[in-house]
Each structure stands twice: as structure tokens, then as C-alpha cells.
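Author: Please examine the model shown below. The questions that follow concern its salt bridges and cavities.

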Amino acid sequence: MTDNLPRTHLPIADQPRTGLVTYDAKDPDTVYPPIKNLRPPAGAPNVLVILIDDVGFGASSAFGGPCRTPNAERLAKGGLKYRRFHTTALCSPSRQALLTGRNHHSVGMGGITEIASGAPGYCSVLRNTAAPLAKTLRLNGYNTAQFGKCHEVPVWQTSPVGPFDQWPTGGGGFEYFYGFIGGEAHQWYPSLYEGTNPVEIDRTPEEGYHLMEDMTDKAINWMGQQKALASDKPFFMYFAPGATHAPHHVPKEWADKYKGKFDGGWDKQREATFARQKELGVIPPDAELTKRHPEIPAWDDMPEELKPVLRRQMEVYAGFFEYADHHVGRLIDAIEALNILDDTLIYYILGDNGASAEGTLNGTYNEMINFNGMAALETPEFLTERLDKLGGPESYNHYAVGWAHAMCTPYQWTKQVASHWGGTRNGTIVHWPKGIAEKGGTRDQFHHVIDIAPTILEAAGLPEPLSVDGVAQTPIEGVSMLYTFKDAKAPDRHETQYFEMFGNRGIYHKGWTAVTRHKTPWLLVGEDVPAFDDDVWELYDTTTDWTQARDLSKDHPDKLHHLQRLWLLEAMRYNVLPMDDDTSRRLNADFAGRPVLIKGETQILFGSMGRLSENSVVNVKNKSHAVTAEIEVPASGAEGVIIAQGGNIGGWTLYAKGGKLKYCYNLLGISYFHVAAESSMPGGKHQVRMEFAYDGGGLAKGGDVTLYVDGKQVGKGRVDATAPMVFSADDGLDVGCDTGAPVSDDYGPQGNRFNGKIYGVEIALNQAAEAKDHLLDPQEVIRVALARQ
């Protein structure tokens, strides 16, 4: 499969012309070679990597779980199941590791991008000495495309001004991208990009829109076009849905398919899954079901009045997973219809980490409530009132910890807990008829997500690049899995692997694991954690104890000590140190040491600006602030949104309705506080202003709201409480409209664009929010805007 091109240094250098140069092209001695298109070596397959989000080992029916995934089963029947495949225990780290073939700390992704720090292993910036797989493939003649989630862009680089060298189509190596930037998306009202350009959805949920279907349509269309125009050129497609990460959004009929299936609760579900796993052979006959930890409540101990909600949470999740698998099936069908299924190497990875236990012990209707430290608001009565809305456009839901634990059967713990297999072991299926003769086989070799990149390169007959763009590359740290495709009994080649996430850490070495859990995944802030040196380590021999059920630390203290020392050596080698378990402190950019896009206490925005993440806007939370806009009202009267931040799960908006200036504060989708002007604005230019006088005295307090038009008070009202930490993980700030899920219940998702002109908007904080006579110098607000018109 190899050829004579110098592929170790990318891009491949153009070769100089040699031989006779004639004066006249008609000279019979004139000879020059034809122009050749760059292609990978003959036989290089198409590659499709499917990465489902937040799926535990025991969720998919292909691995014994209760969620029907017929397309995963279909691929497994024609390919291989990997029973010992591992991730990093968290999304951004697993994805960066997959895309580079290197450990997550080695490429600066020791946590999610939102908590990046100045430490090399945690900075969230991909160094130029570790070129992504997609770039290597593109520079070798592949077409490349990514669909769905991208959670690898540093938060200070997510604005419309970039830089874009960490985006999929910037430095990520993908020629086409359709998806979202961030950790999660509102599946009914997503904030999407095509390349680096924002995309507005032209349908509502009521009209049948859902992101999972949309991104699959785009992937199928891209693939068809690629094969129609360059049939001799293989593609690399990275298909990474937001499913099944919270929010668990799914059409109701898919959730209803599971009515009554989970009535017995999560403890009985673990037992049923465990039995089914043994029947399928995805765990050995002598494997033990690990015990439920006391931190995770028993089903029988949950309040009876809450159980209908808990059952519905799991029905919704299972429907969401099956719905995602259904659309994966559509993608596979399209590949088959193009007659290229046999020549396409498919990885179907069921989870970038274990199932998520970030939904609290009771689950949540809106996970932003928990992220703002207000989980106590979601009482059984509160949740019961909203049971029928779970999974729908008004919800932003997540299931309870007990369900997450059950979805990680038979292992201990969940997502974030990198020490135990519940956080890191994910069922994986590989399908490639031309490269894998065995159908329906299983593989037990130990492998990790960093092994995918070298596998693909070896399958394509491509060398690991020594330099890219003139920059010397550090070696890929993964081990190719290609040797396992033809030999089920081949000895392991990936013999040592460290794990670390938020201080939860472990080491695998030749069958033994030494592990320690340091933090609890659903206690996002405020947990009293021990010093790292006080963590209690466990020891398991996984050659005889598949599930890490029997702790041997007291029986083999010397072995434990050896592995602890090995973990430390690996940690030094791969940039794990210094460890940092203070996630709340790392959320503060000033403490963490990461750049901040917006500096100071004022920001001026213009009418064409939108889709600004919370990291791209001055932070109005927990402080007094003012919003001032220079607008022009048509003779027919003002109508529409002047500025809005957030979505239906929380935020604020300044808008006009019926000619009157209005303000709405949406408290986490629980309460809407409205303030309205007493009279309408006449046509012409006006300065409108909202002043929010924060009560002070801590976080999440309320404040008084006053509205002004041309310096004259026109309305006054009260906001009783506010969100202290975050409005939305998906919906951003827009000027002149409210894209995505609408902030206010006073207008809809479409037709809310302001019907006049907006010259400029200023957001000012604290003392900067004060203005004499409640007026700003209009030139201060609009000087740049006027120059642009």
C-alpha cells in the first residue's frame, strides 16, 4: 500500500521539474509529466469514526444494556466488539486524545476547555507539535469532514473573531464542519456553525426540527457529494453527535417506546443488564457485579412521590440513545447505498466516557439549575409538575445518579471517575469487511482512545509524520490496533496506561490496576476533598477480576507501591502534574491564568453581532449593570428584540412589544420577571436604557430594574433572584434578535427580529453603569457604528 512519495514531512514538498526544457512546446522533444492529484496510497479505506456522548458500558443493547441500538448490533455482527476499550473519563480530553493519538495531558486537555489553566497539561491549547489526525489525512489526499460536537476550542477563541486555528476547519484539519462549539447543545434549538459561520435553523421543533436528524442529513449529503465528485479519493468523517449528553432531548414517541421498562428501578436494572452481558459474552462468565457505593442511593430509598419522575428520566434517555442510533443507521445505509461499505473502516465508539452522574441524586429538569448551585429548588413537587415535559423543547433535562451508575454496569462509578472502569471503559465496535475477515467476533486486548489515530494511519498505509508545516512532531503515544483485526489471541501491545481526571487517578500495567477516587462527580462545587497524599488506593488484578470487584491492596502492598510509583512516572512523562482538583476556582479565568477576551467593565456591541458565548461578553451576574442602546424606531412602532442573552433555560432580554420598551429576566426557566414601559415610543431615533441595581450581599441576589427612554424613566420593576454562575451552555448573546430558544415567554423563536435600526449597544458594569441623567453621550455608543454605515 505504500508508495514513493515523501509522506513523513507534510505538506509533501512539490518536486522540482527535471529534464530538457524546450523553447517551443511544439518541439518533438518537449516532454513534461501530467499534473497528478494527491491521493493516499492505493487501498487506503474510507474512514468513519462515530463517537456517541456520555454512554456507559452497560447502556447499549450491543453490550447487554436496555437501550435498543440495532445499528450498533448490526455493525458488531459484521465486525468486532472490543470489550476492553478505554477513554479518559471526560469529553474534551477523550476527543482531543482521539483526534491526535496522544494522551490528553500531552495535548493540553487535562479537563474541559471551560476550566483551562496556565499549566501545560491543562491549557486547552493544542500545540503545533501534535498535528491532528484529520490534518495528516488531508495532507495525504483524504477529504475530511466533521459533524456534531466540537469541545476542543479554547473558550477565549470561540467568538466570531477567532482565532480559528483550533476550530475544526481552521487548524483541526477538516475541510468541512457542521455542528456546535462547546460541551453540549440544545437539540431542539442548537447554536450551529458551518465552518466558522453561524447557521440559523429555519424550522422549529413543532415543525419537526431536531439536531440529530439535521446533522445526519448534512453528513449524508456531504458524503454523497464527495463520492460523486471525487470517487477515487477516500474520506475521513468524524461523526460526533451531542447525543446522549444532557440535555436528553428526543421526540416523545421515541421515549414512549420504553414506557414501563424501568419501573423496577436502577438496582434491578443493573442486575438485569449484568445477566444479559453474560449471555452475550461481553463480560466473562466469572465476572462479578460490583457493589453500589453508599454515596449512590438505593432505588428503594428514593421517595415514592419522586419515582414516576425518575422512571420517566430513564425512558427519555433510552429513547434518546435509540433515536441517535437510528440516525447512525441512516448514515450506514447511505454508505451501503454508495456501494462503499466494504471499503469503509468504521469505529462505533459507545461513549467518550462513562454515563454522566452530573444530574444530581434526583435528576434535573434543567441542569443549569444545578450548575448555578440551586438544585434544592427542584423538589419532588417541582419535578412532578414538569414530568410530561421531560425531553421536550422547554426542558434541559438530565437523569439521576442512580441511572448513570446502572448504565455503567458491571463497573464501579461513572463519568469523571478516571480511576475505575465505570468512568473509562466504553463498548467499541469496529467494522471493515475488506480488512476484517471475522464476523461477530470479540477482542479482549487492552486499548485506549489514543490508539485510534495510529490504527487509521496504518490501515491507510501512511507513516506517522515527522514534521507538519515545518514543525517537528512529537511521537504519537497510542498503539495501532490493526494487529487485533486478524488475530483474536494476539498478545497485548498497549501494556501501560495512566488515567487522571480531577484528581481521580489510576494506572493499568500488564493486567494490574492501582486506582484512587478523589472526587465525587455530582458534587460540582463545595466538596470537602482530602489532600492528594491522603487518598486511599485500591489494587485489582484484572486478569482474574474483570470488573475491579476485589480490592487486593492489603494483600499485595508491594505491588500497590510499585504501581503508585509507576503512575507518578507516567504523570511526569505526560504533563499530568501539578494536579488541580479545585474546579470552581479554575472556572475563574483570573485565578486559572487563561486569557479573557473582554477586559474592563464596558463593552460596545453592534446590530450585526450575534452568537456570542458567555466567554465573549462582559459578565453581568452578581453585580449592578446597565444596558444602553441607540435605536431608530419606524413610524409603525417598535417591535422585536434589541438584545438578548441566554435561552429558555435562563437569561435576560431587552426588547420592544406593541411599541413599548420591555425587559425580561428569565430565572433558570423557573420564573420570568417582566418590566414594561408605561407608554409607547414614537418613531425616530431614541436612546433606551435598562439599569439593574443589584441588591449585593452575595451571589444570586435580586435587584431593581428601571427602564429609560431618552433619559426619562418609563418603567420600574423587581427581579427577586438571579443566576449566579451561568445562563446557558449553548445559547449566546444576540443583538437585534433572539436566536435559538427564546429567553422571554413574551415572544417566540421566530419573527422576533427588531424592526428598526440598532446603531449600537453598550453593556456597563458597577460604577461604569452609572450615567448622568440616565443618558450616555450618543456618540460614545454609536461612533463606530455610524462609521460602518
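Reader: Does Arg443 count as buried or exposed?

Author: This is a predicted model, in which local features need pLDDT of at least 70 and side-chain atom pairs count only at pLDDT 80 or more, whereas totals for chains, interfaces and linings use all residues. Residues are numbered from 1 along each chain as its sequence is written, and side-chain values use heavy atoms, with hydrogens and water left out. Relative accessible area decides the class: buried is under 20%, exposed is over 50% and partly exposed lies in between (1.4 Å probe, protein chains only). Because the relative accessibility of Arg443 is 1%, this residue counts as buried.

Reader: Which residue forms a salt bridge with Arg443?

Author: A salt bridge places a side-chain nitrogen of Lys or Arg within 4 Å of a carboxyl oxygen of Asp or Glu. In the bridge of Arg443, the closest N and O atoms are 2.8 Å apart. The partner is partly exposed, since its relative accessible area is 33%. That partner is Glu438.

Reader: How many residues apart are Asp444 and Arg83?

Author: The side chains of Asp444 and Arg83 meet in a salt bridge, with 2.5 Å from N to O. Asp444 belongs to the loop between β12 (441-443) and β13 (447-448), and Arg83 to the loop between β3 (80-82) and β4 (85-86), where strands (E, at least two residues) and helices (H or I, at least four) are DSSP runs numbered from the N terminus. The pair thus links distant parts of the chain, its members being 361 residues apart.

Reader: Why is Arg83 called buried while Asp444 is called partly exposed?

Author: The classes follow from relative accessible area. Asp444 is partly exposed because its value is 28%. Arg83 is buried because its value is 9%.

Reader: Which helices are tied together by the salt bridge between Arg330 and Asp217?

Author: The closest N and O atoms of Arg330 and Asp217 are 2.4 Å apart. Both residues are partly exposed, Arg330 with a relative accessible area of 24% and Asp217 with 28%. Because Arg330 and Asp217 lie in separate helices, their bridge ties together parts that are 113 residues apart in sequence, namely α7 (residues 307-337) and α4 (residues 211-229).

Reader: Which residues are linked in a network of salt bridges?

Author: A search of the whole structure finds 40 salt bridges. A network of such bridges links Asp53, Arg95, Lys149 and Asp352.

Reader: What is the volume of the largest cavity?

Author: A cavity is a set of points on a 1 Å grid over the protein atoms alone where a 1.4 Å probe fits but cannot get out, and its lining residues have an atom within 4 Å of a point. The search finds two cavities of 30 Å³ or more. The largest is lined by 13 residues, among them Val620, Lys621, His625, Tyr665 and Thr722, which lie nearest its centre. Its volume, the space filled by probe spheres set on the points (joined across faces, edges and corners), is about 70 Å³.

Reader: Which elements give two or more residues to the lining of the second largest cavity?

Author: About 60 Å³ of space lies in the second largest cavity. Its lining includes Thr100, Arg102, Ala131, Leu133, Thr136, Ala453 and Leu457. The elements that give two or more residues to this lining are α3 (133-138) and α12 (452-459).

Key:
1 Å grid on protein atoms, 1.4 Å probe; cavity = no way out; pocket = protein on both sides within 12 Å on 5 of 7 lines; lining within 4 Å.
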